[in-house]
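Trainee: Could you teach me how to read aromatic pairs and nonpolar cores in a protein? Let's look at an example together.

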Amino acid sequence: MTDPTLFETHAETFSVDLGMYYCGRRIGTKNHVYGPEIRSHFLMVLVEKGTAILYRDGKELPLGTHDVLVMFPGEKIHYRALTDWTIKWVGVDGSRVEELFGALGVTRAHPIFKPQRYETAARLIDALCDTKYDSSVAVTYRLQSLLCELFATLLSDTARETASDPILS
């Protein structure tokens, strides 16, 4: 028998293997050059405004407004902005992060993508950056929830195209 007064949804969310190292912004920087650099974690960079060239494996790949570049651990990365450069970034890691990026179509071979909900993703990174960190449990959960919302937003762009969710599989 169904109880019309009961509203309950079950979702097992006890283990989220996604953590943030840091986040930041660079606004209107002239002559910006990054790298060559090798990171121990993932770094997701949202290009708010500007154009740049990513140098990778002897190739030059264009980066532009509303592109997202994902830097993978252990890979040498180098880019040079061609115009004033405004970006936002978040450094993340976790045992399934590469799988999450894979669900977005982002791989080591194809590290650049253009999310449909760029503005929402940018707003969430702003919220991460604007959160005053004091190492309290409340702030820790606030940051974790914003990070999860960021990835949920990006993954919702591909929900119709992706057969399986890497977190649930």
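**Rings and cores**

Mentor: Happily! The count here comes to six aromatic pairs, where rings of Phe, Tyr and Trp (its six-membered ring) pair if their centres lie within 6.5 Å; planes under 30 degrees apart count as stacked, over 60 as edge-to-face and the rest as tilted. This is a predicted model: local features need pLDDT of at least 70, side-chain atom pairs count only at pLDDT 80 or more, and totals for chains, interfaces and linings use all residues. Residues are numbered from 1 along each chain as its sequence is written, and side-chain values use heavy atoms, leaving out hydrogens and water.

Trainee: How are the planes of Y34 and Y79 arranged?

Mentor: A pair of aromatic rings is described by the distance of the centres and the angle of the planes. Y34 and Y79 are stacked, at 5.4 Å centre to centre with 15° between the planes. Y34 sits in strand β2 and Y79 in strand β7, 45 residues apart; strands (E, at least two residues) and helices (H or I, at least four) are DSSP runs, numbered from the N terminus.

Trainee: Is Y79 buried or exposed?

Mentor: Y79 is buried because its relative accessible area is 2%, and buried means under 20%, exposed over 50%, partly exposed in between (1.4 Å probe, protein chains only). Y34, at 14%, counts as buried too.

Trainee: Which residues have the most contacts inside the largest nonpolar core?

Mentor: In soluble globular proteins, nonpolar side chains tend to be buried together. A nonpolar core is a set of buried Ala, Val, Leu, Ile, Met, Phe, Trp, Tyr and Cys residues joined through side-chain atoms within 4.5 Å. The largest has 30 residues, and M44, V70, V92, F101 and L150 have the most contacts inside it. Helix α3 gives the most to this core, with eight residues.
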